[in-house]
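User: I am new to this one and would like to know how its descriptions are reached. Could you take me through the reasoning?

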Amino acid sequence: MMKIGLIAMSGVRVRTKELAELGVTLPQFVDRGRVVASLPSLGLLTVAALTPPDVEVAYREIDTMPVEGALEPFDLVGISSFSAQIDEAYALADRYRAAGVPVVLGGLHVSMMSDEAAEHADAIVLNGAEGAWPRLVEDFRAGRMQRRYAGARNGVFEAPHYVEPRFDLLRGRPYNRITVQTSRGCPLNCEFCAASLRITSRFQQKSVPKVVSEIRSAMEVTDHPFFEFADDNTFLNKKWGKELLRAITPLGLRWFTETDISVADDDELLDLLAESGCRQILIGLESPSARGLDGIDPHNWKRNRCERYLESIDKIQSRGVTVNGCFIVGLDSDTSETFAEIKDFVQRSRLLEVQITVFTPFPGTPLYERLRREGRLLKERFWDRCTLFDVNYVPRNMTVDELEAGVRWLFREIYNEREFNRRKRHYMDIVKERAEGIARPADALVVGA
Amino acid sequence: MTGSNFEAEVRALVAEPSGCDASRLDADDDFCEALGLDSLDRLTVLASVEQHFDVSFADEQISELRSVADVVGAVEASLLEHA
């Protein structure tokens, strides 16, 4: 029987030495790094499901592959990777090809840098695997595999393209977080975004019954799973969102997703979030100031919302749903004062989790093209540094050293034990208030705490 | 209240988020790991304990309270401190 090996590239590796050394000492940073590194590759589980049933599929993580010597034998290998791990993916692909095993490369980076990826593969898959992988496998069997395959950019959640991912391949493995995708794309189209909107023509939503079926399948293969919705923006369509939340509430889940701050506008949605077991939503706040948000998305949607950030965060968290507020440092409007502004906002808002990332020009993004035109990229090729924590360009209002030092300072101020404990205490206070049925007025935010 | 009463009540509060029977939980086990709870469940349990016994744990203590024995000890210490 033909055997295909699907190899996932996992883990986040900060390249800047001082930041890497600092990161391992900060508890909340270590926590989140551990979680991200432990997520299975939903893309490859989907590829596995698109593979004909008479072909054996093996799912592997890069950490389990031998660094030298004989590789596990397959008839065909498929590797999917983000930019930060792409050089490792290429190295593994080269090893397999040198051993006579054909390799297919796919994933977001390959879609953005197809010519480069093609040098390390017998075939590449652009966009997603839906609409491409089944043809590729049949062509391979017939000895006529092509060099490039283009996946469908639309209709991926409907017949004939939709398949339920092969969660059964995770059985017996130590994943306690499982990803399920409910949508692709996001109309906000922020300049820096390197997510699924780059491989889809428009926002696409999976039906609620399909999402529930996938969740049920995943629940069968692992004890006490925690779910992450692998979406750019789960609650863009709030009517659909409420239908989803009502459907998953009986399943007794604990789950996480990413969405935008407008969820705070809908009280019913917030109540349903809490009742359905949502533990956290990540929201790309990006900057605490209108100046910082100006121009970040084509319609200035985020800038127009930022005056209500504090009120919105408090409203969401008062339901017991934690907000992971994600900030970007090094935006073109940022100055050396920005780091203290973010720290101040984090403390005033009492965000229960915080993610600080560095402005990163991922290949294929409008940001990358703009910085390249402006001559501000430090190097033409820096994919291993696309970690969201390494600096790859010349900032507008500070030096590279100043940005790196500012990031380290902010990490120490945000992720230390004292701040971690403050956040835990705030969550416990919310739990007690909810138990006592205390309604917190919107103007009860602690200022300057 | 006696120490054994504390333990029974703490076990009941620990069991609440999971709906599991915490009576067979070893007092020194990490109750989150044993019952499949996450970090927010742990904080919910500790908040419930604080509310139930009308005590308040020091913020720096929160990370250390991982077993029934840890929590019972912390409750006793807090009650003694304010007796």
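**The sheet and its neighbours**

Analyst: Happy to! In this predicted model, chain A has an open sheet of 6 strands, paired in parallel and ordered S7-S10-S11-S12-S13-S14.

User: What makes S7 and S14 of chain A edge strands?

Analyst: Strand S7 (177-180) and strand S14 (353-358) of chain A each have a single partner strand, so one side of each has no neighbour in the sheet. From one strand to the next, the twist averages 20 degrees.

User: How do you know that S10 and S11 of chain A count as a pair?

Analyst: Pairing needs at least two bridges. Strand S10 (residues 226-229) and strand S11 (residues 255-259) of chain A have 2 bridges, in the parallel sense, so they pair. In this region A:Glu228 stands opposite A:Phe256 of S11(A).

**A helix checked by its length**

User: How do you know that the span of helix H16 of chain A agrees with the expected one?

Analyst: Helix H16 (residues 400-414) of chain A has 15 residues, which at 1.5 Å a residue should span 21 Å. Its end C-alpha atoms are 21 Å apart, so the two agree. Among the buried residues of H16(A) are A:Leu403, A:Val407 and A:Leu410.

**Aromatic pairs**

User: Why is the pair of A:Phe235 and A:Trp255 called tilted?

Analyst: The structure holds 12 aromatic pairs over all chains. For A:Phe235 and A:Trp255, the ring centres are 6.4 Å apart and the planes stand at 50 degrees. The centres must lie within 6.5 Å, and an angle that is neither under 30 nor over 60 degrees counts as tilted, so this pair is tilted.

User: What makes this pair a tie between separate parts of the chain?

Analyst: A:Phe235 lies in the loop between S10 and helix H9 (238-248) of chain A, while A:Trp255 is in strand S11 of chain A, so the pair ties together parts 20 residues apart in sequence. A:Phe229, A:Phe235 and A:Trp255 form one aromatic cluster.

User: Why is A:Phe235 called buried?

Analyst: Buried means under 20% relative accessible area. A:Phe235 has 0%, so it is buried, and A:Trp255 is buried as well, with 0%.

User: Why is the pair of A:Phe359 and A:Tyr393 called edge-to-face?

Analyst: Planes over 60 degrees apart count as edge-to-face. The planes of A:Phe359 and A:Tyr393 are at 80 degrees, with centres 5.8 Å apart, so the pair is edge-to-face.

**A charge over a ring**

User: How do you know that the charged end of A:Lys424 is within the distance limit for the ring of A:Phe420?

Analyst: The limit is within 6 Å of the ring centre, and the charged end of A:Lys424 sits over the ring of A:Phe420, 4.3 Å from its centre.

Technical notes. Residues are numbered from 1 along each chain as its sequence is written. Chains are lettered from A and ligands numbered from 1 in the order in which they are written. This is a predicted model: local features need pLDDT of at least 70, side-chain atom pairs count only at pLDDT 80 or more; totals for chains, interfaces and linings use all residues. Side-chain values use heavy atoms; hydrogens and water are left out. Helices (H or I, at least four residues) and strands (E, at least two) are DSSP runs, numbered from the N terminus. Axes are lines fitted to C-alpha atoms, for helices over the stretch in contact, and angles run from 0 to 180 degrees between N-to-C directions. The expected span of a helix is 1.5 Å times one less than its number of residues. Buried means under 20% relative accessible area, exposed over 50%, partly exposed in between (1.4 Å probe, protein chains only). Rings of Phe, Tyr and Trp (its six-membered ring) pair if their centres lie within 6.5 Å; planes under 30 degrees apart count as stacked, over 60 as edge-to-face and the rest as tilted. A charge sits over a ring if NZ of Lys or CZ of Arg is within 6 Å of the ring centre and within 35 degrees of the ring normal.
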